[in-house]
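Q: I am new to this structure and would like to begin with one part of it, taken slowly and in detail. Please look closely at how a pair of helices pack against each other, and then follow the residues around them.

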Amino acid sequence: MKILLPIDGSKSSLNAAKYVAKTAKNSRSPVVVTLISVHDDAGLGHIKQFVAKSVVDDYLREVSEKELKAAQKVLDAAGVKHNIVIKRGHISDEIMALANKDKVDLIVMGAKGRSGFVDALMGSVAQRISSCAKQPVLLIK
């Protein structure tokens, strides 16, 4: 079974990682988990004209690695095989593209992420993915 686990550093994404670790540990068949961190750099447009692209890339990679660290520890402690993907772009589009490309069986993600107030205005990533994904989506609080 292939599970895609989007991580954004929120408490609910860490809870999703704990759920996946427990599920994988109890599974009779092999489970491979892909952790994905995506950052939308659209808000950095004004900075990009003053800072080199490599600096922005390095910054976003560092943020992603920091956010992924706790989920990696949870999966490592449970002995769950996993890999990591770091992307930049529209968050829900990148998650769905990877889910389709890798033909994952399940997407498990936190129901509430890092965006807070913005969710009320434009809808959360979790809502977009659960309504558009071809795969089953399990939302964890």
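A: The crossing of helices α1 and α3 is right-handed. The contact behind this crossing is made, on the side of α1, by L14, A17, K18, V20, A21 and K25, and on the side of α3 by A70, A71, V74, L75 and A78. Sorted by class, the residues of this contact are nine nonpolar and two charged, with no polar residue among them. It should be said at the outset that the model is predicted, and what follows describes that model.

Two packed helices are described by the angle between their axes and by the distance between those axes. For α1, which covers residues 11-26, and α3, which covers residues 53-78, the angle is about 15° and the axes are 9 Å apart. Angles under 35 degrees count as roughly parallel, and α1 and α3 are therefore roughly parallel to each other.

One of the residues in this contact, A70, deserves a separate look. A70 belongs to helix α3, and with a relative accessibility of 36% A70 counts as partly exposed, since the partly exposed class lies between the limits of 20% and 50%. Although A70 and L14 are 56 residues apart in sequence, their C-alpha atoms are 7.1 Å apart in space.

Helix α3 also carries S64, which is buried because its relative accessible area is 1%. Leaving out residues up to four places away in sequence, S64 touches S37, H39 and I86. With S37 there is also a polar contact, in which the two side chains are joined at 2.9 Å. The C-alpha atoms of S64 and I36 are separated by 8.8 Å, while the two residues stand 28 residues apart along the chain.

From α3 the path leads on to strand β2, where L35 has its place. L35 is buried, as its relative accessible area is 0%. Not counting residues up to four places away in sequence, L35 touches L5, I7, L68, A71, Q72, L75, H82, N83, I84 and V85. Among these, A71 and L75 also appear on the α3 side of the contact with α1. The C-alpha atoms of L35 and L5 are separated by 4.8 Å, with their positions 30 residues apart along the chain.

T34 is found in strand β2 as well, which spans residues 32-39. T34 counts as buried because its relative accessibility is 7%. When residues up to four places away in sequence are set aside, T34 touches I3, L4, L5, N83, V85, L98 and D102.

A second helix pair can be read in the manner of the one above. Helix α4, residues 91-101, and helix α6 have axes that come within 9 Å and cross at roughly 40°, and α4 and α6 are therefore oblique to each other. The crossing of α4 and α6 is right-handed. In this case the contact is made by I91, S92, I95 and M96 of α4 together with V125, R128, I129 and C132 of α6. By class, six of the residues in the contact of α4 with α6 are nonpolar, one is polar and one is charged.

Two loop residues complete the picture. K103 sits in the loop between α4 and β4, the strand of residues 106-110. K103 has a positive phi of about 50°, although K103 is not a glycine. Its relative accessible area is 65%, so K103 is exposed. Q135, in turn, is placed in the loop between α6 (125-132) and β5 (137-140). With a relative accessible area of 11%, Q135 is buried. The side chains of Q135 and N100 are joined by a polar contact of 3.1 Å. Apart from its neighbours within four places in sequence, Q135 is in contact with A99, N100, V104, D105 and I107.

Technical notes. Residues are numbered from 1 along each chain as its sequence is written. This is a predicted model: local features need pLDDT of at least 70, side-chain atom pairs count only at pLDDT 80 or more; totals for chains, interfaces and linings use all residues. Side-chain values use heavy atoms; hydrogens and water are left out. Axes are lines fitted to C-alpha atoms, for helices over the stretch in contact, and angles run from 0 to 180 degrees between N-to-C directions. Helices (H or I, at least four residues) and strands (E, at least two) are DSSP runs, numbered from the N terminus. Angles under 35 degrees count as roughly parallel, over 145 as roughly antiparallel, 65 to 115 as roughly perpendicular and the rest as oblique. A crossing is left-handed if the near helix is turned anticlockwise from the far one by less than a right angle, and right-handed if clockwise. Contact means heavy atoms within 4.5 Å. Ala, Val, Leu, Ile, Met, Phe, Trp, Tyr, Cys and Pro count as nonpolar, Asp, Glu, Lys and Arg as charged, and the others, Gly among them, as polar. Buried means under 20% relative accessible area, exposed over 50%, partly exposed in between (1.4 Å probe, protein chains only). A polar contact is a pair of N or O atoms within 3.5 Å; within protein, one must be able to donate a hydrogen and the other to accept it, and residues adjacent in sequence count only if both atoms are side-chain atoms.
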